[in-house]
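Biologist: Got a minute to walk me through this one? I'd like to start with the packing and then jump around a bit.

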Amino acid sequence: MTATLDITTVQAFLLVADLQSFTRAAEALGTTQAAVSLKLQRLETLLEKRLVERSPRAVRLTADGAAFVDRARALMTAHDLALSGDAPAAQSLSLGISDHAAGPELVPLLERLHAMSSNLTLAVTIGFSREMQDAYDAGELDAVIVRQEGSRRGGEKLTEDEFGWFAARRFTLPKGDALPLATLAPPCGVRAVAVRALEKAGLAWRERFVGGGVTAVVAAALAGLAIAPLARRIAPAGLVDIGPAHKLPKLGSSKVMLHSKVSDPAKLVALRAVAATFRSVAA
């Protein structure tokens, strides 16, 4: 009897290949790591080839695994085509991400989603957490990744960020001067937390730079203009936390949450991959 490939097993293999993790692939599929591992073992037995190299720190494709990826994607495309009876329908996932939460996850997130499905259109909006949450509540976005603010409940925790006061290595603050800040404009929640902390500590401050996005705020800090309150995860290597040296108040931490209304199976897998990618880079 001729051996046949199981579509769900091939899908699991592709997620392991794209996310480079059995744990993240399991999260994307809504199953367990053990179940994904079993599927891969069965696939390797069927093909009589070792497809992945497993280690405590990483999962890498073997030469045979890398060669099988393109064939696996072609199989999934043909499967979708057979189900639809026509060209696979384009899928669209509208995602809002807080500017202070996006960080380095955005690039690998887009890379992996593109590798997973060429038919998926990812409409990404970057903005303030409060604005993204309002758009989500109004039904304008399928899902949002935002900082937890106020008494808002629900959602799925992706990571928790520690904040600090970041400035260029060459930055110096003359004694007696008000603290120059680089922030986003209101209603930025991170700005509000920083201002409250300084005022509670009785420290004078002045707005030295107001950016339209975190990229601009980081640029101002790197240029030596001011100090920027940032999550350690998104602060680039050229910035250092000067809070302890200048005895600045601690800014604490903030949870990054995923809220979603997605129920379509294909979009749900994509969103689970978003969450898994975010966790894998933020870890």
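Modeller: Sure. Bear in mind that this is a predicted model. The largest nonpolar core has 31 residues, and Trp165, Ile227 and Leu230 are those with the most contacts inside it.

Biologist: Which elements give two or more residues to this core?

Modeller: Strand E6 (156-168), strand E7 (179-184), helix H8 (189-200), helix H9 (214-222) and strand E9 (228-231). H9 gives the most, with 5 residues.

Biologist: And what is isoleucine 227 in contact with, leaving aside its neighbours within four places in sequence?

Modeller: Quite a list: Trp165, Phe166, Ala167, Phe171, Leu179, Pro180, Leu181, Ala182 and Ile242. Apart from that core lies another one, of 24 residues, with Val10, Phe22, Ala28 and Met76 among them. As a general point, nonpolar side chains tend to be buried together in soluble globular proteins.

Biologist: OK, zooming out. How is the chain divided into domains?

Modeller: Domain 1 covers 7-84, domain 2 is made of 91-160 + 255-282, and domain 3 is 161-251.

Biologist: How far apart are the C-alpha centres of domain 2 and domain 3?

Modeller: They lie 26 Å apart. The contact between the two takes 17 residues from domain 2 and 18 residues from domain 3.

Biologist: What about the chain overall, how many helices and strands are there?

Modeller: The chain has 10 helices and 11 strands. Its C-alpha atoms fill a box of roughly 85 × 40 × 30 Å along the principal axes. Of its 283 residues, 44% count as buried. If you take contacts with a separation of 6 or more, 75% of them are between residues 24 or more positions apart.

Biologist: Let's switch to H7. Which of its residues are buried?

Modeller: H7 runs over residues 129-137, and the buried ones are Ser129, Met132, Gln133, Ala135 and Tyr136.

Biologist: Why do those end up on the same side of H7?

Modeller: Because they cover an arc of only 160° around the axis. The general background is that an α-helix has 3.6 residues a turn, so residues three or four places apart point the same way.

Biologist: And what covers the buried residues of H7?

Modeller: The cover includes strands E3 (91-98), E4 (120-127), E5 (143-147) and E11 (253-260). Just after H7, by the way, glycine 139 takes a positive phi of about 80°.

Biologist: Stay on E3 for a second. How many of its residues are buried?

Modeller: 6 of its 8 residues, so E3 is mostly covered, taking buried as under 20% relative accessible area. E3 and E4 run parallel, joined by 8 bridges, and glutamine 91 has leucine 120 in E4 as its bridge partner.

Biologist: How many bridges join E3 to E5?

Modeller: 3 bridges, and that pair also runs parallel. There, the bridge partner of glycine 96 is valine 144 in E5.

Biologist: Last topic: where does serine 21 lie?

Modeller: Serine 21 is in the loop between helix H1 (7-19) and helix H2 (22-29).

Biologist: Is serine 21 buried or exposed?

Modeller: Buried, because its relative accessible area is 15% and the cut-off for buried is under 20%.

Biologist: What does its side chain reach?

Modeller: The side chain of serine 21 reaches the backbone nitrogen of threonine 23 at 3.2 Å. Not counting residues up to four places away in sequence, serine 21 touches Val16 and Val59.

Methods:
Residues numbered from 1 in each chain as written. Predicted model: local features only at pLDDT ≥ 70, side-chain atom pairs only at ≥ 80, totals over all residues. Heavy atoms only, no water. Helix = DSSP H or I, 4+ residues; strand = E, 2+ residues; numbered from the N terminus. Buried < 20%, exposed > 50% of the residue type's maximum accessible area, 1.4 Å probe, protein only. Polar contact = N/O pair within 3.5 Å; in protein donor to acceptor, adjacent residues only side chain to side chain. Contact = heavy atoms within 4.5 Å. Arc of directions from axis to C-beta. Pairing = 2+ DSSP bridges. Core = buried A, V, L, I, M, F, W, Y, C linked by side-chain atoms within 4.5 Å. Domains from an automatic or database assignment.
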